[in-house]
Amino acid sequence: MSDLKSKIDPEKLPRHVAIIMDGNGRWAKKKFLSRIKGHEKGINAVREVVEACRELEIEYLTLYAFSVENWRRPSSEVNALMRLLKNYLVKERDNLLKNGIRLRAIGDLERLPGDVRQTLFKVIDDTKDGDKMTLILALSYGARWEIVKAALRMANDLKDGKIREEEVTPEVFSSYLTTSPYPDPDLLIRTSGELRLSNFLLWQLAYTELYITPTLWPDYTKRDLLEAIRDYQKRERRFGMTSDQITGLHAES
Ligand code: IPE
Ligand code: IPE
Ligand code: MG
């Protein structure tokens with residue numbers, strides 16, 4: 001682990017890592033356990049990854065914990081996930097505070113059960129001064145929902161004359177998204193091998209580096225995260241330019 005850590009270039013860290021935490025159900029099935037046990041074990045992986053990102057001094061970590069489509073799962077599973085979320089928030093509060101981690105959330109939070117929402121808002125408020133890292137939980141989150149909401153809000157501002165049509169740019173549109181306080185993710189990790197985005201940050205991931213690993217989320221460790229970051233550091237992000245242009249830019253800077 002420390003060996004791998006020494007191979008990470010602290011100058012080329014992703015500012016923002018986003019993770020689609022997938023595979024809890026399959027992990028449990030392989031062990032003849034209930035899906036809920038898989039979600040319970042997944043919480044340990046959440047702790048491990050939050051700690052690892054904090055140690056590495058990554059500024060933003062977004063975790064896709066519950067999609068707007070996940071409400072369609074059996075109610076017993078949804079209830080268990082809500083209970084686990086609340087427990088996690090209650091148990092983790094002090095640790096977040098101690099480590100200077102500011103908690104935030106994105107998604108249709110109104111749909112969360114009242115007690116979960118209250119706990120969430122309390123921990124968000126308690127940790128608001130954390131300045132070492134921002135942990136963003138995507139809860140009841142769907143990118144299409146977010147984009148439609150943003151479009152509506154922008155349309156209202158256009159109608160009210162708060163902005164003019166000529167002023168509308170992708171940057172202005174971004175400012176209407178719930179993610180507007182945060183930079184776009186540099187690295188997206190998805191566990192359990194699925195090659196899809198499942199309605200996660202569709203707008204914000206336009207130029208994000210993708211890293212898919214077959215590891216199931218409950219088995220995910222710091223080591224896996226370090227491997228993903230190391231892989232990310234070997235890539236050349238061209239943003240539409242040529243490789244020569246990019247290396248030239250580095251030479252000039
Ligand atoms: C991810 O694991 C957790 C949530 C979506 C809440 P899954 O529950 O999707 O696990 P699989 O995909 O069935 O293995
Ligand atoms: C995506 O995983 C949502 C989360 C990880 C919270 P899913 O397991 O719900 O995605 P699909 O349905 O397989 O695409
Ligand atoms: Mg899944």
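Modeller: A polar contact is a pair of N or O atoms within 3.5 Å; within protein, one must be able to donate a hydrogen and the other to accept it, and residues adjacent in sequence count only if both atoms are side-chain atoms. Keep in mind that this is a predicted model, where local features need pLDDT of at least 70, side-chain atom pairs count only at pLDDT 80 or more, and totals for chains, interfaces and linings use all residues. Residues are numbered from 1 along each chain as its sequence is written, chains are lettered from A and ligands numbered from 1 in the order in which they are written, and side-chain values use heavy atoms, with hydrogens and water left out.

Biologist: OK, let's try ligand 2. How far does a polar side-chain atom of D22 lie from an oxygen atom of ligand 2?

Modeller: For D22 the distance is 3.2 Å. S198 has a side-chain N or O atom 2.6 Å from an oxygen atom of ligand 2, and for the side chain of R190 the figure is 3.4 Å. Ligand 2 on its own exposes 390 Å², and the protein buries 78% of that. Such areas come from the Shrake-Rupley method with a 1.4 Å probe; for residues, only the protein chains shown count as cover.

Biologist: Which residues surround ligand 2?

Modeller: We take residues with a heavy atom within 4 Å of the molecule. Around ligand 2 these include I20, M21, Y64, F66, N70 and R196. Strand β2 (residues 60-67) supplies the largest share of that shell, four residues. Helices (H or I, at least four residues) and strands (E, at least two) are DSSP runs, numbered from the N terminus.

Biologist: And what are the residues around ligand 1?

Modeller: Among them are M21, D22, G23, N24, R26, H39 and L81. Polar backbone atoms come into play here: one of G23 is 3.4 Å from an oxygen atom of ligand 1, and one of N24 is 3.1 Å from an oxygen atom of ligand 1. R26 uses its side chain instead, with an N or O atom 2.7 Å from a ligand 1 oxygen. Taken alone, ligand 1 exposes 380 Å², of which the protein buries 86%.

Biologist: Which element gives the most to the shell around ligand 1?

Modeller: That's α2, with three residues. The elements giving two or more residues are α2 (24-30) and α3 (35-56).

Biologist: Let's leave the ligands. Is T208 buried or exposed?

Modeller: Buried means under 20% relative accessible area, exposed over 50%, and partly exposed in between (1.4 Å probe, protein chains only). T208 has 10%, so it's buried. You'll find T208 in the loop between β5 (187-190) and β6 (209-212). Its side chain reaches the backbone oxygen of P185 at 2.7 Å. Leaving aside neighbours within four places in sequence, T208 is in contact (heavy atoms within 4.5 Å) with P185, D186, L187, L188 and R237.

Biologist: One last thing: phi. What is phi of F32 near?

Modeller: The general idea is that most residues other than glycine have a negative phi. F32 has a positive one, near 55 degrees. F32 lies in the loop between α2 and α3, and with a relative accessible area of 79% it is exposed.

Biologist: Where is F239 found?

Modeller: Look in the loop between α8 (222-233) and α9 (243-252). Phi of F239 is positive too, near 45 degrees. F239 has a relative accessible area of 44%, so it counts as partly exposed.
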